[in-house]
Amino acid sequence: MTTGKINVSVENIFPLIKKFLYSDHEIFLRELVSNATDATLKLKHLTSIGEASVEYGQPKIEVKIDKEGKKLHIIDEGIGMTAEEVERYINQVAFSGAEEFLDKYKDSAKDTGIIGHFGLGFYSAFMVADKVEIITKSYKDEPAAHWTCDGSPEFTLVAADKQTRGTEIILHIAEDSVEFLEESKIKGLLNKYNKFMPIPIKFGTRKEALPKPEDAPEDYQTEYQEVDNIVNNPTPAWTKQPADLTDEDYKNFYRELYPMQFDEPLFNIHLNVDYPFNLTGILYFPKLAADLQIQKDKIQLYQNQVFVTDNVEGIVPEFLTMLKGVIDSPDIPLNVSRSYLQADGNVKKISNYITRKVADKLKSLFTENREDFEKKWNDIKIVLEYGMLSEPKFYEKAGAFMLYPTVNDTFLTLDELKEKIKDAQTDKDGKLVVLYAANKDAQHQYIEAATAKGYEVLLLDSPIVAHLIQKLESDNENRSFVRVDADHIDNLIKKDDAVISKLSDEQQEKLKTVVEEIVPKPTYTVQLEAMDSSAAPFIITQPEFMRRMKEMSATGGGMFGMGSMPEMYNLVVNTNSDLAERILNAADNDAQSKLVKQALDLAKLSQNLLKGEELTAFVKRSFELIKS
């Protein structure tokens, strides 16, 4: 048996790096600035534990464009490298200096924020450069080194005359990548990927007005000085303790994240945990429209303050991807490009933690200031309803703060509602009947009939309410949700004093036959009901089951996956109405037909079901009736 090590040939590694290492070539700047940050943070750590006898000072990273020379410089004042370390870390592809450093100082360096894991970040430079130089001097008292490579396996390594510690990377930009010599392009990339890096990043200079002298003459001309243009915020809000931040600090950070967003967030949730994983961040609840067409991908994922992606699916529970904010965790596993998540147990733990943290925050907001919570309800309800449907752990906690508005503009929890209606709203089987409306205007007639009898009617108007009440019913078989227009109110709720019909059984049978011959089949099912004489003669209702299935199919595009449902309605005829008697006593079939059609169209009109050709015919018929 033969054993040994597999040697990887480097003859073709640079073309492969250029083409395949990262899906986006622009990532090179993130990687090189991240490496510069690592080098600086390593020095900070070594000075803090007494292993580097140098002054740490106030180091910065500089990114500089030499458009004429077609070069891009990334300069740091960090730990630097000796010639031996260049041989070790640069000439051995995929050997990670950060990994070795963390291993060596694993007990004291765990919170240093060092980023690198894979040792390939530096080589991303060859995606945009046909030649790369490294000029570096270690913090140790050793000569500087100058490494050069033109993208082939050949390199040169010579001594350099650099006197200050740190590393300068010089990219000779290739012809197919000259866009990276444009100031606007580099500024945009620094803002995208390095906006919150923990070390100040200089990109050019800017003019700053000098203070006006106290004895300045009237014609004093303001004087300016050039200062470093720092393009990042090294200490963003999520890196601080919640106790050190005010409400205004959180709002200012929201504006920093979303400068084009003019609405203020409703509230925020500060995430801060160091066991069993490390995670910090701030999530904001923005004002949301009551629909499902909500822009996602507004939560930014960082790894030690380095931007990774704004696609946080898998880390943040799906219903919370409608929020905005930042999550930062070194424990989230990433592939070599730091752009896609891999399957890992930590990710699920993080998702569960965020769910629990959000639920706890909502409960405290509800408990501490219910009035304010109620004011914000319509702006946040779509997120919470979706959360109840999609996250079992959130559903378990949501009962403590989920609100159900009524048509009278009050708010109840389910427990409060149950207590309020337990003796008044039950069906013939003893089930609690929760009446609700989806649209106060469209269902006004039915709401009025229910409230006139003293019933409580909820206003549940979000697009996913059909799915939500299905879940609430399955959770408790002793209650049912019924929309107020699902049937006549006296058929929904058990009544002790039933209304008696003025028509005999024979007359009712004849009336039903006449109406059934005229109304369209199978869209309408005719029902005769004895109601108060003041009630409408014809009322259109839609069976709760069919209507709910139809609503669920309408919101099923990709989320709940249901097919289309047919239109089916009940036509409830009030046998105690004067119209019922007029239809029975009409002179002929034609007269009966006109009465039934007119009454049906009026009922349809009240439900916004009369449109197009039918509406035109109804208007024409109405004018003819007025004339006669």
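1. Strands β2 (residues 71-76) and β6 (residues 166-173) pair in the antiparallel sense, with 6 bridges between them. One pairing can be checked by eye: H73 has I170 in β6 as its bridge partner. The model is a predicted one, and the remarks below should be read accordingly.

2. The wider sheet is open and has 8 strands, in the order β5-β4-β3-β6-β2-β1-β7-β8, with mixed pairing. The edges are β5 (155-160) and β8 (224-230); each has a single partner strand, so one side of each is left without a neighbour in the sheet. From one strand to the next, the twist averages 25 degrees.

3. Two helices that pack on this sheet deserve a look. Helix α2 (residues 27-48) touches β1 (61-66), β2, β6 and β7 (201-209), and its direction makes about 25 degrees with that of β2. Helix α5 (residues 183-193) touches β1, β2 and β7; its direction makes about 105 degrees with that of β7.

4. On the nonpolar interior: the largest nonpolar core contains 63 residues, and F285, I354, V383, L384 and F394 have the most contacts inside it. Setting aside neighbours within four places in sequence, V383 is in contact with F285, L288, F319, L320, M322 and L323. Another core, of 61 residues, lies apart from the largest one; F122, V132, L190 and F203 are among its members.

5. Aromatic pairs number 20 when the whole structure is searched. Ring pairs join Y193, F196, W238, F253, Y302 and F307 into a cluster. For anyone inspecting such contacts, a pair of aromatic rings is described by the distance of the centres and the angle of the planes.

6. Two lysines are placed over tyrosine rings. The charged end of K324 sits over the ring of Y258, 5.2 Å from the ring centre. K471 lies over the face of Y395, and here the distance to the ring centre is 4.8 Å.

7. Is F545 buried or exposed? This residue lies in helix α15 (residues 544-554). Its relative accessibility is 56%, and the threshold for exposed is over 50%, so F545 counts as exposed. The C-alpha atoms of F545 and A466 are separated by 10.0 Å, although the two residues are 79 residues apart along the chain.

Note on methods:
Residues are numbered from 1 along each chain as its sequence is written. This is a predicted model: local features need pLDDT of at least 70, side-chain atom pairs count only at pLDDT 80 or more; totals for chains, interfaces and linings use all residues. Side-chain values use heavy atoms; hydrogens and water are left out. Rings of Phe, Tyr and Trp (its six-membered ring) pair if their centres lie within 6.5 Å; planes under 30 degrees apart count as stacked, over 60 as edge-to-face and the rest as tilted. A charge sits over a ring if NZ of Lys or CZ of Arg is within 6 Å of the ring centre and within 35 degrees of the ring normal. Two strands pair if DSSP finds at least two bridges between them. Helices (H or I, at least four residues) and strands (E, at least two) are DSSP runs, numbered from the N terminus. Axes are lines fitted to C-alpha atoms, for helices over the stretch in contact, and angles run from 0 to 180 degrees between N-to-C directions. Contact means heavy atoms within 4.5 Å. Buried means under 20% relative accessible area, exposed over 50%, partly exposed in between (1.4 Å probe, protein chains only). A nonpolar core is a set of buried Ala, Val, Leu, Ile, Met, Phe, Trp, Tyr and Cys residues joined through side-chain atoms within 4.5 Å.
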